[in-house]
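Notebook open, structure loaded. I'm jotting down what I look up as I go, starting with odd backbone angles and then moving on to the sheet.

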Amino acid sequence: MNRFVLSTGAVITAALVTVLMAGLGRDPKHIDSPLVHQAAPAFALKTVGTGETVDIASFRGKPVVLNFWATWCGPCWEEHPVLNETARAHPEVQFLGVVFQDDEAKIQDFLRKRGSAYPTVIDDRGKTAIAYGVGGVPETFIIDAHGTIVAKHDGPITQEQLQSYLAEVLR
Amino acid sequence: MIATAALGRLLILGALLVSTAGALLGFASGAKRSDEGLRWSKRLAYAFGALMLLATLVMEHALLTHDFSVSYVAHVGSRSVPVWVTIVSLWSSLEGSILFWGLVLGIYIAAATRFSSRGNEESMPYAIGTWLACGAFFSFLIAGPANPFLTISPAPLDGPGPNPLLQNHVLMVAHPPLLYLGYVGMTIPFGFAVAALLRGKIGPTLIRAMRNSLLLSWIFLSIAIMLGGWWAYEVLGWGGYWAWDPVENASLLPWLTATAALHSAMVMQRRGVLKGWTLTLVQASFLLTVLGTFMTRSGVFNSVHSFTQSAIGPTILVFLAAVLIGSVTLLALRIDTLENDGRIDAPVSREGTFLINNLLLVLFTFTVLVGTVFPLVVEAVNGKQMSVGRPYFDSMVVPLGVALLFLLGIGPALPWGRAAREDIRRALLPPIVGGAALTVLGVVFGARNPWTIVTLFAGGYALQVTIVQLAKLRHSRRSVGAYVIHLGVAIAVVAIAISSTMRVQREVVLQQGQSATIGAYTVTFTGTEERSEPHRTSSIARIGVTKNGRAVTTLEPRMNHYEMMREPIGTPDVHSTIGGDLYISIASLEPNRAGLLLIVTPLVSWIWLAVLMMAAGGVIALVRLPRMTPLPALRREGSGEGLAV
């Protein structure tokens with residue numbers, strides 16, 4: 001029995017297996033947003049269809065669900081009904097869609113066909129998406145009544161996830 | 001049809017049964033030295049290969065006939081994708097890729113059983129036992145946690161098709177299978193190493209079988225790594241070919257240890273030393289492929305390769321831990337019985353440089369391994385996310401790479417064994433001319449980065465040594481292959497140094513009709529085009545390219561929107577010449593305005609060609625099987641592999 005080989009091998013084995021075990025169950029796509037617990041960046045953008053300007057500051061006093069999406073994004077189609085239903089069920093929460101790198105005609109067509117329970121604004125040059133550090137669509141920010149971001153969700157959101165976020169801001 | 005899925009499951013269960021029985025029988029007949037046992041283990045090895053082949057054919061049949069009752073087909077199949085995409089869908093997603101893995105393993109095991117047996121009769125039972133134990137593990141994965149043959153009822157009418165990134169470029173047809181051939185192939189030398197350790201000795205026929213199988217995997221792995229880099233360059237749009245992505249690193253790690261093992265095996269053969277060390281490297285190469293499989297398949301690392309999170313992560317981790325513990329225990333128990341027959345008596349000698357080469361390659365391996373798993377350590381310790389980026393890898397790896405390149409020149413110039421001081425000087429001085437010549441040439445063409453200049457010198461030195469050795473040709477034919485590989489390595493390292501430090505990059509925003517210049521090129525944005533395909537829509541920018549006033553080509557970089565993806569994927573377009581590439585990708589695109597990334601990179605194509613040259617050298621070394629001439633000083637023990645080297 002070669003003790004040197006055994007002890008070196010044991011150290012390497014233990015270290016590697018421990019590290020990899022700790023890594024199991026971690027979602028590498030999840031990136032902590034530095035914006036959580038910070039004030040939501042301000043913006044004023046034009047609403048699709050009406051052209052009215054919506055200012056995020058005007059929603060102060062009400063929790064806001066801010067959803068970045070686009071018509072060319074498959075997962076956004078998936079979560080669209082979830083957002084619509086929840087928006088209808090929770091009039092006390094302001095939902096707002098921000099469309100990212102898209103064209104107005106396509107958005108209008110999409111909303112006509114799939115329904116819309118809340119306003120959607122166009123992020124013209126992507127400035128708002130940059131301010132919110134959006135890495136891809138869909139991404140959803142949950143903002144409390146004081147205008148502070150409490151959570152960020154990457155990817156399509158499910159009914160259960162959205163409910164648990166809302167429970168947090170409606171408490 | 002439900003029968004298809006059931007047939008597939010039956011074949012995999014058969015493979016599980018056959019491999020488990022064969023593994024047990026192999027080890028038992030090795031211990032009892034039973035010829036009858038060996039005959040039956042061989043039959044079971046062939047049966048395992050045949051069952052895996054049949055199971056894969058059943059899956060391909062289901063894919064091609066769009067049999068959506070089979071879970072994997074429902075998951076990756078689609079009626080709207082071309083036939084070639086349907087065929088390669090086999091390895092486009094987790095379950096199918098593990099089945100494909102099983103197929104490659106089955107073929108390897110059958111071939112190794114058939115072609116390596118002669119002269120290795122006493123080691124074969126253990127080797128077959130080891131291979132089939134791995135076969136049993138993969139059959140278990142396919143039969144259980146990653147089963148592609150589940151039945152879906154009622155069957156859907158159509159499926160989503162495979163991951164769009166895989167449909168983006170034809171290189172994706174070649175990269176995964178070659179990588180699997182490289183990865184899975186490491187199982188074969190591992191089996192021989194386990195056999196050598198269990199028997200406590202290793203003779204020339206076993207060394208040869210181990211080296212050849214290692215070399216074969218090394219060739220496939222080299223091409224696969226290159227194709228992966230090339231694909232990243234052609235498809236991903238950031239203009240580079242290597243990002244130190246965890247999964248790229250995963251493919252590099254076993255390549256590094258296999259390269260080290262190929263060299264130390266030569267010292268083992270020639271001087272009768274480094275036996276335990278060579279076997280350790282062979283085991284490490286296999287273990288690192290298992291680690292690589294874990295990295296790609298567990299969803300723990302973020303990369304272009306990450307498959308969805310799945311239940312097979314823990315299963316592969318258990319396998320990795322078991323193989324690690326088994327290997328370490330076996331090494332600790334047996335390494336001292338592999339007594340050295342010779343010794344290295346001169347530090348400044350061919351074998352001396354082999355030792356340094358091994359040391360550097362192992363250091364290289366550790367550097368990359370640590371950089372790859374470090375983010376996991378940090379997150380486990382304090383919950384903070386971090387990533388280890390290019391600066392770490394570059395600052396660690398560049399000096400190691402340059403040192404290895406120097407050795408590649410010095411080593412072959414030195415004779416084996418002790419040499420007179422005068423001979424050493426005569427061997428080492430002349431190539432300085434080659435080093436100086438390439439350095440001057442590089443500086444004339446604008447090389448200023450100190451590391452690039454050092455690389456040019458080391459590269460020129462190595463090239464002169466290699467070419468002189470090739471011209472002599474008094475060596476065994478295997479040496480020809482080895483020197484062709486060295487030539488490829490020297491060219492590749494120089495091309496990597498030049499292309500990564502001398503590229504020119506410019507970001508421009510052009511209105512329709514406007515031009516910009518980069519290097520000798522003038523690019524003109526002539527307009528956009530929208531193209532719809534069933535699985536994606538593309539916005540294309542048309543760019544006219546002229547060089548010194550002459551029209552050269554029209555490039556069409558594009559942004560692709562896939563239904564399945566959260567963000568658009570840009571596909572660059574490249575104008576390649578032997579001197580360098582013009583590379584254009586889109587940053588933003590509006591009907592009459594394009595934001596473009598323009599890159600001119602010298603010598604990129606040389607990297608691809610140099611790696612192909614390395615592979616060709618490997619094939620020469622492999623195909624022209626050398627006659628092993630045992631050195632007269634060595635003693636024989638019985639027949640065949642009893643010859644202790």
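Started with His37(A), asking whether it is buried or exposed. I get 10 C-beta neighbours inside 10 Å for His37(A), so it counts as exposed, given that the exposed class takes 12 or fewer. This is a predicted model, by the way. What caught my eye is the phi of His37(A), which is positive at about 75° although the residue is not a glycine. I found His37(A) in the loop between helix H1 (3–23) and strand E1 (44–47) of chain A.

Next entry, chain B. Asn548(B) also isn't a glycine, and its phi is positive, near 50°. I traced Asn548(B) to the loop between strand E4 (536–547) and strand E5 (550–555) of chain B. I find 8 other C-beta atoms within 10 Å of Asn548(B), so this residue is exposed.

While in chain B, I checked omega too. Going from Ser153(B) to Pro154(B), the peptide bond is cis, with omega near -5°. Pro154(B) sits in the loop between helix H6 (124–143) and helix H7 (164–167) of chain B.

I also noted the domain split of chain B: domain 1 (1–167), domain 2 (193–407) and domain 3 (504–604). Over C-alpha atoms, I get 43 Å between the centres of domain 1 and domain 3 of chain B.

Back to chain A for the sheet. In what order do the seven strands of the open sheet run? I read E2-E1-E5-E4-E3-E6-E7 in chain A, with mixed pairing. At the edges I have strand E2 (53–55) and strand E7 (149–154) of chain A, each pairing on one side only. From one strand to the next, the twist averages 30°.

Then I looked at what lies over the E7 end. Helix H5 (residues 159–170) of chain A lies across strand E6 (139–143) and E7 of chain A, and H5 runs at about 175° to E7(A).

Most of my time went on E4(A). Why do I call E4(A) largely enclosed by the rest of the structure? Because seven of its seven residues are buried. I went through the faces separately. In a regular strand, side chains alternate between the two faces of the sheet. On one side of E4(A) I list Gln94(A), Leu96(A), Val98(A) and Phe100(A), and on the other Phe95(A), Gly97(A) and Val99(A), all buried, so to speak of coverage: both faces of E4(A) are covered.

Now the neighbours of E4(A). I have strand E3 (residues 64–69) of chain A pairing with strand E4 (residues 94–100) of chain A in the parallel sense, over six bridges. Two cross-strand pairs I wrote down: Leu66(A) stands opposite Leu96(A), and Trp69(A) has Val99(A) as its bridge partner. I followed the connection as well: E3(A), helix H2 (residues 74–89) of chain A and E4(A) make a right-handed β-α-β unit.

E4(A) pairs with strand E5 (residues 120–123) of chain A too, in the parallel sense over four bridges. Here I find Phe100(A) opposite Asp123(A) in E5(A). The chain gets from E4(A) to E5(A) through helix H3 (residues 104–114) of chain A, and I logged this β-α-β crossover as right-handed.

How values were computed: Residues numbered from 1 in each chain as written. Chains lettered and ligands numbered in written order. Predicted model: local features only at pLDDT ≥ 70, side-chain atom pairs only at ≥ 80, totals over all residues. Pairing = 2+ DSSP bridges. Axes fitted to C-alpha atoms, helices over the stretch in contact; angles between N-to-C directions. Contact = placed C-beta atoms within 7 Å. Buried ≥ 20, exposed ≤ 12 C-beta atoms within 10 Å, placed from the backbone. Right-handed = clockwise from strand over helix to strand, strands pointing away. Domains from an automatic or database assignment.
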